[in-house]
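Trainee: I should be grateful for a close look at a single part of this structure, namely its interior. Please explain the terms as they arise.

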Amino acid sequence: MINWKDFEKVDMRVGTVLSAEPFPEARKPAYKLRIDLGTEIGLKRSSAQITDHYDVGDLVGRQVICVVNFPPKQIGPFISECLVMGAYDDHGKVILLQPSKVLSNGSQIG
């Protein structure tokens, strides 16, 4: 169990995917994403293992939920700067979390 103060440390924000491209160097199939997280956070890059349910063309313009206060993570030749949130389907494949209505980039999740 965590307490409320622990949960408050996780900074989750809404962002819009600006670009997506294949990441052939990744050990597991993934895309490289560039995400606009608003003026306070700015642009962040992320590696996302979401190739089972999404094509590159499905992602551009899509709003996603990201954890923005993890340290950058080196994934092969790429540095991932945020974690794109998703839920696992019955087959262990990721479905992206997204707001049900369009929000401003950088909107906080609470």
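Mentor: What follows describes the nonpolar cores, the cysteines and the largest pocket.

This is a predicted model, in which local features need pLDDT of at least 70 and side-chain atom pairs count only at pLDDT 80 or more, while totals for chains, interfaces and linings use all residues. Residues are numbered from 1 along each chain as its sequence is written, and side-chain values use heavy atoms, with hydrogens and water left out.

A nonpolar core here is a set of buried Ala, Val, Leu, Ile, Met, Phe, Trp, Tyr and Cys residues joined through side-chain atoms within 4.5 Å. Buried means under 20% relative accessible area, exposed over 50%, and partly exposed in between (1.4 Å probe, protein chains only). In soluble globular proteins, nonpolar side chains tend to be buried together.

The largest nonpolar core has 17 residues, and those touching the most other members are Leu33, Ile35, Ile50, Leu59 and Cys66. Two or more residues of this core come from each of β1 (12-22), β2 (31-36), β4 (63-67) and β9; strands are DSSP runs (E, at least two residues), numbered from the N terminus. Strand β2 gives the largest share, three residues. A second, separate core of five residues includes Met12, Ile65, Val67 and Met85.

Contact means heavy atoms within 4.5 Å. Beyond four places in sequence, Leu33 touches a set of residues including Val17, Ser19, Ala48, Ile50, Leu59 and Val84. Ser19 is found in strand β1 and counts as partly exposed, at 25% relative accessibility. Leaving aside neighbours within four places, Ser19 is in contact with Lys32, Leu33, Arg34 and Val60.

Cys66 leads on to the cysteines. A disulfide is a covalent bond between the sulfur atoms of two cysteines; here the criterion is a pair of cysteine sulfur atoms within 2.5 Å. The structure holds zero disulfides. The cysteine sulfur nearest to that of Cys66 belongs to Cys82, 4.1 Å away, which is too far for a bond. Cys66 is buried, with a relative accessible area of 0%, and Cys82 is buried as well, at 5%.

The remaining topic is the largest pocket. On a 1 Å grid over the protein atoms alone, a pocket is an open set of points where a 1.4 Å probe fits, with protein on both sides within 12 Å along at least five of seven lines; lining residues have an atom within 4 Å of a point. Its volume, the space filled by probe spheres set on the points, is about 730 Å³. Of the 25 residues in the lining, Ser47, Gln49, Lys73, Ile75 and Leu83 lie nearest the centre of the pocket. Strands β3 (43-48), β5 (73-75), β7 (83-84), β8 (86-88) and β9 (94-96) each supply at least two lining residues. By class, the lining has 13 nonpolar, seven polar and five charged residues; Ala, Val, Leu, Ile, Met, Phe, Trp, Tyr, Cys and Pro count as nonpolar, Asp, Glu, Lys and Arg as charged, and the others, Gly among them, as polar.

Note on methods. Helix = DSSP H or I, 4+ residues; strand = E, 2+ residues; numbered from the N terminus.
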